Every structure is written in C-alpha cells, then in structure tokens.
Amino acid sequence: MLTTPAARALLSALTASTSTGGYEVSYDFVIEGRRKVTVSGHGQVGLNPYFLQTTSTVTGLGEVTVRTDGTKIVEQGGANYGGSLEDGQPLSGFASAVEATFGDGPGALTMLGLASPTGYLSLSADAVTGVTVAGTGMVGDTPVTYYDVVSDTEAMRQLPALTDEQLKTVADALEVLHRSGFVEAKARIAVDSAGYIRESLSTASFSDGMTMTRHMTLSRFGCIGTGPTPANPAGVNAPATGDCVTPATTVTTGPLAVSTSTSVSSSTTTLVPSTPSSQATTTTSLR
C-alpha cells in the first residue's frame, strides 16, 4: 500500500467515506464517439449491506431506474431488464444492454462501477497505485483538496467480499474494456477538510477516438439505510450509521466547472475541467 502523504490522505478519505454506511450521488456522464450519449442522474449507495439505486435521464431512452444488491439487478425503463424487484436478474447479464447503449468500452466501465463494492466511486485502496496533490478549490461552499489518482483496473479482480456475480461482472467487463481499445482514464478526486470524498472527475479514452467523461458529486454520508433492492423489495430504511453530513454539492465553483442543461436527452451537458487554484496541472492514468 502506498505510504506517501498524498496517498495516506486519499486512502484515509476513502476509508472515512465508505465506513459511514452509504452516501448520495449526483452524476453526469458524457460519451462521445460515433454518436453522443449523455446520462444525468442521482441515487443512493448503501455499503453495509451493499445496494445501489439510481434514476437517470439517458439519451434516446428517457428516464431509467436501476437497483442492484451486487447479485441481481432490475432496470425499469430502457431495456426493462430484471422484471420485478422481488425477482431481478443476474448483474452480469445486464452488460449487453449497457454496452449496446453506451458502446463496448464505456459500457464496460459502467459495469465495473455497478460491480464495485463502493458503487460508482469505483475506488479501492488495493487498486490505487499513485496519488499526487493537484491543488485546492471549492465544491459548492465546501473547500476541498484535489488529488490526481492512478489506479489499476485489474485490481478489481482481487477485491474482497465480492459476490460471485460481481466477480463475473468484473471479469467480463475487463475483457470487453481491453478488447475495445481502452487507452487510459485521468481521474481527479476532491477531499474536504473533514476527510470525505466530495467529487470525482474522470475522462477515459479509447483507441478509436471515443471518450467517456464522468463527473460525480457525493453527499449525505451516513444518511443512507437499506433501500429497495431485489434482496429487500420493501425498501425499509435502516438506522443511519455515522455522522449524517449534508454539504452543498450541487454546483462546482472551483477547479471543475460543470454546466448542465435541464434536458440531458438533448445532448447539451458540458463538463469542463479547469486548473485548481494552486495551478497544479499534473495528469495521471487509471490503468
């Protein structure tokens, strides 16, 4: 495990953020290639037990709701995969629908996020291979420090406590990712003074010129209980664990400027990374 001061700070933030029991997430994905696909939405990620539920607006599909417990998944809207909440279908089987919508490479990256035990954050201590401080800025009203992070996607195969379906999903996604000409992904992560991860921006590139930009803001750590998943269709909330923190994270005014229109399906979402206030310009790769 990395022991540099920057790495210790980032890994400490990862531990703090994932030990609260869950968080809320807002996100914008932009995929540019033969055609442009945009995804804008929000959701909740529970970490003990794991569940993810999101509602997104997707180019060409409209509103799509996804719920998974790491073994089964249900999509309402879009391909309508999985049937009822009580039943669900295998997580790994969802890949074909995602890759058909997003393209093979971006679809595989999305499936890695769905299979990750930290949700769309897709970050684990064992996978991090390099961390560099990249300046300071603001996420909403919250001061943050930015870190450029290098990770090894192959390390997801060795993550502990994955379900059999998560392992299969990860293996299949990595095979598709490499077959699709994946080149690199640059990741920048924001950590606040309390030690929580508040924002993530990554841009993945492929040999055919396709790119996928993912911007996420995280909030309300510890406020998320058990939600409606195939394992718990009633969605009865469990008591929140840890401190319930509710910072303003809807607008980024620092290093990452995001302009989002109200209609994602019209393909007008724009994500523009800029330079942190320290003027650091280091870029790194997510391998």
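The following dialogue explains how several residues in this predicted model come to be described as they are.

User: What should be known about the model beforehand?
Analyst: The model is predicted: local features need pLDDT of at least 70, side-chain atom pairs count only at pLDDT 80 or more, and totals for chains, interfaces and linings use all residues. Residues are numbered from 1 along each chain as its sequence is written, and side-chain values use heavy atoms, with hydrogens and water left out.

User: Why is R188 called buried?
Analyst: Buried means under 20% relative accessible area, exposed over 50%, and partly exposed in between (1.4 Å probe, protein chains only). R188 has 13% relative accessibility, so R188 counts as buried.

User: What makes the contact of R188 and D148 a salt bridge?
Analyst: A salt bridge requires a side-chain nitrogen of Lys or Arg within 4 Å of a carboxyl oxygen of Asp or Glu. The side chains of R188 and D148 meet at 2.6 Å, N to O, and therefore satisfy this definition. The pair links distant parts of the chain, 40 residues apart: R188 is in strand β9 (residues 182–192) and D148 in strand β8 (residues 142–151). Helices (H or I, at least four residues) and strands (E, at least two) are DSSP runs, numbered from the N terminus.

User: Why does D148 count as buried?
Analyst: D148 counts as buried because its relative accessibility is 2%.

User: Why are K168 and D172 separated by about one helical turn?
Analyst: They are 4 residues apart in helix α4, which means a separation of about one helical turn. In general, an α-helix has 3.6 residues a turn, so residues three or four places apart point the same way. The side chains of K168 and D172 meet in a salt bridge at 3.2 Å, N to O.

User: Why is K168 called partly exposed?
Analyst: K168 has a relative accessible area of 41% and is therefore partly exposed. D172, with 30%, is also partly exposed.

User: How do you know that D69 has no salt bridge?
Analyst: The nearest side chain of opposite charge, K72, is 7.4 Å away from D69, which is buried. For charge, Lys and Arg count as positive and Asp and Glu as negative; His and the chain ends are not counted.

User: What does the side chain of D69 reach?
Analyst: The side chain of D69 reaches the backbone nitrogen of T71 at 3.0 Å and the backbone nitrogen of K72 at 2.9 Å. D69 itself lies in the loop between β4 (62–68) and β5 (72–76).

Definitions and conventions. Polar contact = N/O pair within 3.5 Å; in protein donor to acceptor, adjacent residues only side chain to side chain.
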